[in-house]
Amino acid sequence: MLVLLLVVAVPPLALSLFRHQQASDADPGRGAATVAQDAFDDSFTKVSYLDQNWQPQDSLWFYTTTQGSNLLPYDFFMALEQPGTSLPFRANEHMNRLRYLPQRATSSNPDALPVGFVKDSYLNKNYVGLTCAACHTAQINYRGLGMRIDGGPGGADMVGFLQELTKAMQAVRDDPAVRRRFVTAVLARGEYASADAIIADVGTYTQRLVSYNIINHSPTDYGYARLDAFGRIYNRTLEHLLNRSQLEAVLRNILSPDEVAEALAGMGDTLSSAQRDQLIAQLARNPRHIDLLKGELFIKADAPVSYPFLWDVPQHDVVQWNGLGNNAGLGPLGRNAGEVIGVFGTLDWHEADTYSLGSLLAGHGVKQREIRFDSSVNVENLRLIESRLASLQSPQWPRKVFGDASIDRARGLRGERLFNSRCAGCHASIERSSPERRIVAYMGNVDEVGTDPAMADNSIKYMGYSGILRNQYVGAGVGSILLDKKAPIAALLTKATMSVLETRDPDKSFVQRWAEWLHNMAKAFSGNEIKASNKHGNYTIDTTIAPYASLRAYKGRALNGIWATAPYLHNGSVPTLYDLLLPAQCPANDKQAECRPATFQVGSREFDPVKVGIRSEGYAGFTFDTRLPGNSNAGHEYGAVAVVKGDIRVPPLTREERLDLLDFLKAQ
């Protein structure tokens, strides 16, 4: 009876707070701000929203609902200056150049942070953090009009943002004049009591940013609109799983015995955040040591992919580009918890004595020693975000903006026939507004699809040290896996995220943490209509020998709203849909042939309604070079090259047929 009372005690309070926020955030413009001068000359003087079944309060709630991301102390971000200037780092023009979307002040965003930036709190300290919206809100521009698309693939250069943030923090640490201005500004905000406390935290967070950038450095620059999110999530997980015994074995390959002893002095078997910071700071004195540690402990974050679009995600059977995330049961919460780990959630994983009935019955006393996976991950908000996304619909082609002639009905009908004969096998058609819609993803083997294999290969080829998870079990589709000294990174991430979900919120009172945990687990199970099912498609089957073999595949999904999600392919290597219908390489002897561009510019938001995609030339953006590792634009040449089906040769699409197919896709 007590448990039932606790479960039902929480929702009314959460609902009343949500209703208050709904009432106060009914801004029809969703707080969108314009920018007078854009770095790539595609400025927008007005912002509109496309109909996606969300009201203004839904969008603003999505932008500002915290999930547990703790990037920097909040007052640091508010006081920080752009490197080399005294201008605010958070200024709209600066954040817009990095392709984060600028906002005006609203009741839920009084400091006018960009879309997806928010004040988050953990253990009585305020941080600036990222919400889902930072990477999953898009904007396309057309003749001065900016069209915001909720759940669309973000255009941000997150690596550039983190590099500039690091330089700004280093300037505070190393430049006396910058430091004086910074300390004065932070003290004036009132959260820090002394300059010494500020300077100490500057050192800690600067070192964390420096080491994060080193660990996740990729020889192929990501540029705008993409990120190796999984590589970075894996590396943050591996960093926090480290225990003393495995770390000592690794350090012996790098340091002398005396240096190992010094590095690990005073550390228990489970490392605290402060101890990890201390160790990294010590190793960072020698760049060679950091490089060696990186090679021993972490994976290469060298497979950037486009930010996925979020409409219909709760209706999927599996999610992520390679189908890693099963959407049944607690799968959505585990997926979202992993995302928070990737965007700087605080992970206070540590050993602690806990009350245990099993230990008492076994004669070992009332307490037992175990790992607690305390963290800043806000499970309740992750559940609410997933629930809200269930109502989000794909954007429809804005005929009023692009003109009635931008879609030709006759072309669209011919394109529908082409789609049904050439595309529907992997990309099912759905009714975008149907509450009964489901997305059964077609998982195509990498060798079949032919697109760049880096992301899929990375997900199955790497092993990581299990650390504090050693000798535990994690379920896979073919049975349970015992986590040995080293284990597949997918298994480690799965076990870590589920352990986080099983841990009650340390930031709440005893009664509240149990009440909310029970309520969230019950709601997550009962509210998820997706059940476990077999994957669909042509992929390698998982076996007990290769339990993650099926991850070497890429997902084909319904294409409703695809017109608004450029650039294309999973790694963003094709700028327009028209280009995607071309072969990756032109025949050497055909000077008139069309093919996908080998290089193009990324960064502009200006939309091309004819080729359906982003402006990719005529400005000095980021140069996307498809010849670099991880950037290949090969594969998915369905309709672009001739194929033989049985005894029948199916010719490539003509230019007119490509345009017909585009007019059909515009209307989806």
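**Two covered helices and a buried loop aspartate**

In this predicted model, the buried residues of helix α24 pack against α18 (409-422) and α23 (577-580). Helix α24 itself covers residues 655-666, and at 1.5 Å a residue its twelve residues should span 16 Å; the end C-alpha atoms lie 17 Å apart, in agreement with that expectation. Nine of the twelve residues are buried, so α24 is largely enclosed by the rest of the structure. The buried set has a run of hydrophobic and charged side chains alike, including Leu-661, Leu-662, Phe-664 and Leu-665 as well as Arg-658, Asp-660, Asp-663 and Lys-666.

A second helix, α14, is formed by residues 331-342. Its twelve residues reach 17 Å from the first C-alpha to the last, close to the 16 Å expected at 1.5 Å a residue. Helix α14 is mostly covered, with ten of its twelve residues buried; among them are Pro-332, Leu-333, Arg-335, Asn-336, Val-340 and Ile-341, together with the glycines Gly-334, Gly-338 and Gly-342. After α14 comes Phe-344, which has a positive phi, near 75 degrees.

Turning to a loop, Asp-312 is found between β8 (305-306) and β9 (318-319). Residues under 20% relative accessible area are classed as buried, and Asp-312, at 0% relative accessibility, therefore counts as buried. The side chain of Asp-312 makes a polar contact of 2.8 Å with the side chain of Asn-560. Leaving aside residues up to four places away in sequence, Asp-312 touches Leu-392, Ile-430, Arg-437, Ile-439 and Arg-557, as well as Asn-560.

How values were computed. Residues are numbered from 1 along each chain as its sequence is written. This is a predicted model: local features need pLDDT of at least 70, side-chain atom pairs count only at pLDDT 80 or more; totals for chains, interfaces and linings use all residues. Side-chain values use heavy atoms; hydrogens and water are left out. Helices (H or I, at least four residues) and strands (E, at least two) are DSSP runs, numbered from the N terminus. The expected span of a helix is 1.5 Å times one less than its number of residues. Buried means under 20% relative accessible area, exposed over 50%, partly exposed in between (1.4 Å probe, protein chains only). Contact means heavy atoms within 4.5 Å. A polar contact is a pair of N or O atoms within 3.5 Å; within protein, one must be able to donate a hydrogen and the other to accept it, and residues adjacent in sequence count only if both atoms are side-chain atoms.
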